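Subject: The structure, and what turned up in it

Hello,

Here is the structure I promised to pass on. Have a look at it first, and then read on for what was found in it.

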Amino acid sequence: MNESNPLVSVCIPIYNVEKYVERCLTSVFAQDYTNIELLLYYDQSDDGTLEKTKNVIKKGRFAARIIEKEYSEKGQGLSRNMAIIDAKGTFLYFLDSDDYIEPNAISTLVRHAVRFDADLVVGSHDIYYEDGIRTVSMEHEDKTFFDNEEFMSYVYASNSYYSQYAWNKLYRTSFLRENNIRCIHKIVEDYIFSFEVVRHAVRVVLVKDVLLHYLIRSSSTTNLNMAKKVTKETADIYLSIRDYVLHALDAVKESPVTENIKMEVLYFSFVMTVRNSLNSSEISKEGKRALCDEISIFPNLPACYKNSLLEKRKSYRTLFVILSRIPFRLRRRIIFMISKMV
């Protein structure tokens, strides 16, 4: 292995992205870092994604492999899990097929990874829409961690920005494998994956440079319509994320960080279930009642936590504390009211 020029495996799931995949792949082939293998995981699509992909990689500068998945194997999460197994690189980088990266993206991340012997190097990104309107950049601080507790505190208990997405991060492949870090769902795959990475990473580098451009493909109206079509299966995933994280923290010593992670995951599962699932046209009334019962179950939460690191979570911590202390039937009724207000 060349320590100064390690192989990087770039994983790109591709599905119904005929319009975007060429730009994505071209940005990878335009990298100023060339020791790259490209792993393309193709979900059976309804458009010309596969043909467009094959045409682009014919002109590529380094090895590219298309892995055609069966219909039963659909999902970004599964593609990423396959890449963790398949990758030959010392490092692994996830990229979505409708996004694209700067020419120095991989070289910048590798430089920091090699210098600090990092488990994880995280780049910054910006967000843009299909109409070309660019939004504010989502930038991390330039920061280095050599202690997992310090890193967890930064992510879950400070007011600093940290991207919870799986993409735009360079992972040491052995770090993911040795800690058995995987996506546990085909959809909503980033949340637990990010949680497990943060929970185990020791040597981490955050980079302020904007290295990736993240596309918002649909308007807020379309997103709202999609939210109204959330299925019971997806709603159950939101709740399983809550249960997974809370269970993982059961054996961990109580601290401001672990309390804050609980608040974070409770907030995520609560908002996604209340905002989307309870207003979905795809879920029956009986299903919504069952979901409301599930989301009404809270662990015991302290009414007051002394550590000031939790102050940024004050608003919904107060909400959860109130809900956890009122009778179950009233709690369920209040949650229904909240779902109508959101």
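A residue is called buried here when its relative accessible area is under 20%, exposed when that value is over 50%, and partly exposed in between. Arg242, at 4% relative accessibility, therefore counts as buried. Please keep in mind throughout that this is a predicted model.

**The overall picture**

The protein is built from 13 helices and nine strands. Of its 342 residues, 53% are buried. Among contacts with a separation of 6 or more, 80% are made by residues 24 or more positions apart. The exposed area comes to about 16,100 Å², and carbon and sulfur atoms supply 51% of that area.

**Salt bridges**

Side chains of opposite charge can pair when their charged atoms come close. Searching the whole structure gives nine salt bridges. Let me walk you through some of them.

Back to Arg242, whose partner is Asp243: their closest N and O atoms are 3.0 Å apart. The two ends of this salt bridge are covered to unlike degrees, because Arg242 has 4% relative accessibility and is buried, while Asp243 has 39% and is partly exposed.

Asp293 and Arg332 form another salt bridge, with 2.9 Å between the closest N and O atoms. Asp293 sits in helix α11 (residues 285-295) and Arg332 in helix α13 (residues 328-341), so this pair ties together parts that are 39 residues apart in sequence. Both ends are partly exposed: the relative accessible area is 25% for Asp293 and 24% for Arg332.

Then there is Asp43 with Lys69, where the closest N and O atoms are 2.8 Å apart. Which parts of the chain does this pair tie together? Asp43 lies in the loop between β2 (36-42) and α2 (49-57), and Lys69 in the loop between β3 (64-68) and α3 (76-86), so the salt bridge joins parts 26 residues apart in sequence. Asp43 and Lys69 are both buried.

Finally, Arg80, Asp96 and Asp190 are linked in a network of salt bridges.

**A covered helix**

Asp190 from that network also belongs to helix α7, which spans residues 190-200. This helix is mostly covered, with nine of its 11 residues buried. Which residues of α7 are buried? They are Asp190, Tyr191, Ile192, Phe193, Ser194, Phe195, Glu196, Val197 and Val198. So the buried set includes the charged residues Asp190 and Glu196 along with Phe193 and Phe195.

**A charged patch on the surface**

Glu139, Glu141, Asp142 and Asp209 together form a negative surface patch. One of them, Asp209, lies in strand β9 (residues 204-216). Asp209 counts as partly exposed because its relative accessibility is 35%.

**Two asparagines with positive phi**

Asn16 is not a glycine, yet its phi is positive, at about 50 degrees. You will find Asn16 in the loop between β1 (8-14) and α1 (21-29).

Asn168 is not a glycine either, and has a positive phi of about 60 degrees. The loop that holds Asn168 runs between α5 (148-157) and β8 (169-172). Is Asn168 buried or exposed? With 1% relative accessibility, Asn168 counts as buried.

**Two serines and their partners across the chain**

Ser324 is in helix α12 (residues 314-324). At 19% relative accessibility, Ser324 counts as buried, since the cut-off is under 20%. Ser324 and Ile297 are 27 residues apart along the chain, and their C-alpha atoms are separated by 7.7 Å.

Ser240 belongs to helix α9 (residues 232-248). Its relative accessibility of 24% is why Ser240 counts as partly exposed. From Ser240 to His185 is 55 residues in sequence, with 9.8 Å between the C-alpha atoms.

If you would like a place to start when you open the model, try the salt bridge between Asp43 and Lys69, then move on to helix α7.

Best wishes

How values were computed. Residues are numbered from 1 along each chain as its sequence is written. This is a predicted model: local features need pLDDT of at least 70, side-chain atom pairs count only at pLDDT 80 or more; totals for chains, interfaces and linings use all residues. Side-chain values use heavy atoms; hydrogens and water are left out. Helices (H or I, at least four residues) and strands (E, at least two) are DSSP runs, numbered from the N terminus. Buried means under 20% relative accessible area, exposed over 50%, partly exposed in between (1.4 Å probe, protein chains only). Contact means heavy atoms within 4.5 Å. Accessible areas come from the Shrake-Rupley method with a 1.4 Å probe; for residues, only the protein chains shown count as cover. Patches are made of residues with over 30% relative accessible area and no salt bridge: like charges are joined within 9 Å, nonpolar side chains (Val, Leu, Ile, Met, Phe, Trp, Tyr) within 5 Å. A salt bridge is a side-chain nitrogen of Lys or Arg within 4 Å of a carboxyl oxygen of Asp or Glu. The place of a charge is taken as NZ of Lys, CZ of Arg, CG of Asp or CD of Glu.
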